[in-house]
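Reader: I should like to understand the reasoning behind the terms used for this model. Please set each value against its criterion.

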Amino acid sequence: MAVEYLSSLKLHEKNCEGEESMICLADLYETLGQFLKDLGLLSQAIVPLQRSLEIRETALDPDHPRVAQSLHQLAGVYVQWKKYGNAEQLYKQALEISENAYGSDHLRIARELDALATLYQKQNKFDQAEHLRKKSFKIQQKIARWKGSLYGFALLRQRSLQLEELTLGKDTSDNARTLNELGVLYYLQNNLETAELFLKRSLEMRERVLGPNHPDCAQSLNNLAALNNEKKSYYKAEELYERALNIRRKALAPDHPSLAYTVKHLAVLYKKLHIPLFS
């Protein structure tokens, strides 16, 4: 039955047009992959999960949180398959994307840290596992008071921001991080207009507090670029990604994952704009 379903999806994919249809198709591939994984058919689960990842990277953005979700799902299959090297690489990529999108203190970060800790524990790397468990626990402690719906969480963060502004003054790196997190939350709720306001405020504050060439500014630029990509404002997205790339080139090592992700973003965007990668 699963083979027939996969064949049907491949046939359906040939007739898929538009980003929304492709995103729905990625969800279907993921559902099939999870089903096969639950049945213990690990080698068969890889194919639909890998295809779901590829579609999301192209239809959304290589640094979109849904891409991190795909990477996490694939890593889980490799863990069950005892291919720990593959799983570690995928979990680290998912962690990097989540940190770029949400900042360092978020439940999704804690989830990825826990997954990596479990992976290290399976390999008897107990010191590394314990270190990551502690990091995850600290994050969960910080955000325990914010549990609830996304909307409720957003309201609490807004109130928290107001208190921080009264206590610390309006321009602080913590306030800028809060603004970035709020922007991401509204982005995930598809409230793009409000998301853009928060992300722009975050960028402006980071530029004032940290300087325009700080890596945190690149994170804000990257998130704004993803939002403009979602709005199909591709040339604006291109400008923002290029600004983020220039900052990361100066601030980070040549092999840093954040630098690679920004390059990947631009490559996908150039493909949409029919701009050659090499001239």
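Reader: Which residues are linked in a network of salt bridges?

Author: In this predicted model, D27, E30, R56 and R66 are joined in such a network.

Reader: What makes the contact between D27 and R66 a salt bridge?

Author: The N to O distance between the two side chains is 2.4 Å. A salt bridge requires a side-chain nitrogen of Lys or Arg within 4 Å of a carboxyl oxygen of Asp or Glu, so the contact qualifies. The pair links distant parts of the chain: D27 lies in helix α2 and R66 in helix α4 (residues 65-80), 39 residues apart.

Reader: Why are D27 and R66 called partly exposed?

Author: Partly exposed describes values between the limit for buried, under 20%, and the limit for exposed, over 50%. D27 has a relative accessible area of 25%, so the term applies. R66, with 27%, is therefore also partly exposed.

Reader: How many salt bridges does the structure hold?

Author: The structure holds 15 salt bridges. Among them is one between the side chains of E112 and R111, at 3.0 Å from N to O.

Reader: Is E112 buried or exposed, and how do you know?

Author: The relative accessibility of E112 is 0%; buried means under 20%, so E112 counts as buried. Its partner R111 has a relative accessible area of 35%, which lies between the two limits, and R111 is therefore partly exposed.

Reader: What makes the pair E130 and K134 a salt bridge, and how are these residues placed in helix α7?

Author: Their side chains meet at 3.5 Å, N to O. This distance is within 4 Å, so the pair satisfies the criterion. E130 and K134 are separated by about one helical turn, because they stand 4 residues apart in helix α7 (residues 126-143). E130 itself has 42% relative accessibility and so counts as partly exposed.

Reader: Why are α2 and α3 described as roughly antiparallel?

Author: The axes of α2 and α3 come within 8 Å and cross at roughly 160°. Angles over 145 degrees count as roughly antiparallel, so the description follows for these two helices. Their crossing is left-handed.

Reader: What is the arrangement of α11 and α12?

Author: The axes of helix α11 (residues 215-230) and helix α12 (residues 234-251) come within 8 Å and cross at roughly 160°. Because this angle is over 145 degrees, α11 is roughly antiparallel to α12. The crossing in which α11 passes α12 is left-handed.

Reader: Where is L41 found, and which nonpolar patch does L41 help to form?

Author: L41 is found in the loop between α2 (19-38) and α3 (42-59). Together with F35 and L39, L41 forms a nonpolar patch on the surface, and the accessible area of the three together is about 260 Å².

Reader: Why can L41 be partly exposed and still meet the accessibility limit for a patch?

Author: L41 has a relative accessible area of 33%, between the limits of 20% and 50%, and is therefore partly exposed. Patch residues need over 30%, so L41 also passes that limit.

Reader: What does the secondary structure of the protein chain come to, and how much of the chain is buried?

Author: The secondary structure comprises 13 helices and 0 strands. Buried residues account for 49% of the 279 residues in the protein chain.

Notes. Residues numbered from 1 in each chain as written. Predicted model: local features only at pLDDT ≥ 70, side-chain atom pairs only at ≥ 80, totals over all residues. Heavy atoms only, no water. Patch = residues over 30% accessible without salt bridge, like charges linked within 9 Å, V, L, I, M, F, W, Y side chains within 5 Å. Areas by Shrake-Rupley, 256 points an atom, 1.4 Å probe, with all protein chains shown as cover. Buried < 20%, exposed > 50% of the residue type's maximum accessible area, 1.4 Å probe, protein only. Axes fitted to C-alpha atoms, helices over the stretch in contact; angles between N-to-C directions. Parallel < 35°, antiparallel > 145°, perpendicular 65-115°, else oblique. Left-handed = near helix turned anticlockwise from the far one by under 90°.
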